Every structure is written in structure tokens, then in C-alpha cells.
Amino acid sequence: MQYYTTRCGLQLSYRLTRSQRRSIGLYLKPHGLEIRAPRRLGLSRIEQALEEKSQWLRKHLPELEQRQQWWLSAEQVWRIGGRFP
């Protein structure tokens, strides 16, 4: 996991995956934010993409945190009539 704080004050932890892709992809996964980027792309360009998408991240990260809390809540999952994520 890597950590980054945007200029607008949003603190992020993310997993960076390098692959043979042409663009940067941001994905909200159960473990948190995952960034997929081309192998040769510099970290400064990835951070620039985070700045550009900071409003999108600010909107969607609280939803991810709620889902993570629900996934971790054992009493909601492991009971009769409980739901699985």
C-alpha cells in the first residue's frame, strides 16, 4: 500500500499495480483503492491523475468505507437470514 495526500486535503491509501496498459485506471475494490498504470509511467503522473480525479474520489470513497464496514460486520453476515456481500 502506498499513501498520498491530495492538494485539497484528501488522504488516500492505494495499491498500485503496473501492467501493459495504455492509461491509468482507478478501481474501488473491497480492500480499498487500486490504481492500475502502465509500467513506464512515473509516479508523478499517477499523482497528477489522483489530483484530477479528487472530486470523484471524494464522492465515492465514503461509499467504499460503508461497504467495508458492512463486510467486516460479522453479526450482519453470520446469522440466520443474514445477507452476504
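The exchange below asks how several descriptions of this predicted model are justified.

User: What makes strand 1 and strand 2 count as paired?

Analyst: Two strands pair if at least two bridges are found between them, and strand 1 (residues 2–5) is joined to strand 2 by 4 bridges, so the condition of at least two is met. The two strands run antiparallel, and one of the bridges can be followed residue by residue, since Thr 5 has Gln 11 in strand 2 as its bridge partner.

User: How do you know that strand 2 and strand 4 pair, and in which sense do they run?

Analyst: The requirement is at least two bridges, and strand 2 and strand 4 have 6 bridges between them, in the parallel sense. Within this part of the model, Arg 18 stands opposite Ala 37 in strand 4.

User: Why is strand 3 called a partner of strand 4, and what joins them?

Analyst: Strand 3 (residues 25–29) and strand 4 share 5 bridges in the antiparallel sense, and because at least two bridges are needed for pairing, they qualify. Leu 28 has Leu 33 in strand 4 as its bridge partner, and a hairpin of 2 residues leads from strand 3 to strand 4.

User: What pattern do the helices and strands follow along the sequence?

Analyst: The protein has 3 helices and 4 strands, and read along the sequence they follow the order β-β-β-β-α-α-α.

User: Why is the largest pocket called a pocket and not a cavity?

Analyst: A cavity is a set of points where a 1.4 Å probe fits but cannot get out, whereas a pocket is an open set with protein on both sides within 12 Å along at least five of seven lines; the site with a volume of about 170 Å³ is classed as a pocket, so it belongs to the open kind.

User: Which elements line the largest pocket, and which gives the most?

Analyst: Among the lining residues are Met 1, Gln 11, His 31, Leu 61 and Gln 68. Strand 2 (11–19), strand 4 (32–38) and helix 2 (54–72) each give two or more residues to this lining, and helix 2 gives the most, with 4 residues.

User: What makes Gly 32 count as polar in that lining?

Analyst: Gly 32 is one of the lining residues, and because Gly is placed among the polar residues, Gly 32 is counted with them. By class, the lining has 5 nonpolar, 5 polar and 1 charged residues.

User: What share of the protein counts as buried?

Analyst: The cut-off is under 20% relative accessible area, and 27% of the 85 residues count as buried.

Definitions and conventions. Residues numbered from 1 in each chain as written. Predicted model: local features only at pLDDT ≥ 70, side-chain atom pairs only at ≥ 80, totals over all residues. Heavy atoms only, no water. 1 Å grid on protein atoms, 1.4 Å probe; cavity = no way out; pocket = protein on both sides within 12 Å on 5 of 7 lines; lining within 4 Å. Points joined across faces, edges and corners; volume = space filled by probe spheres on them. Buried < 20%, exposed > 50% of the residue type's maximum accessible area, 1.4 Å probe, protein only.
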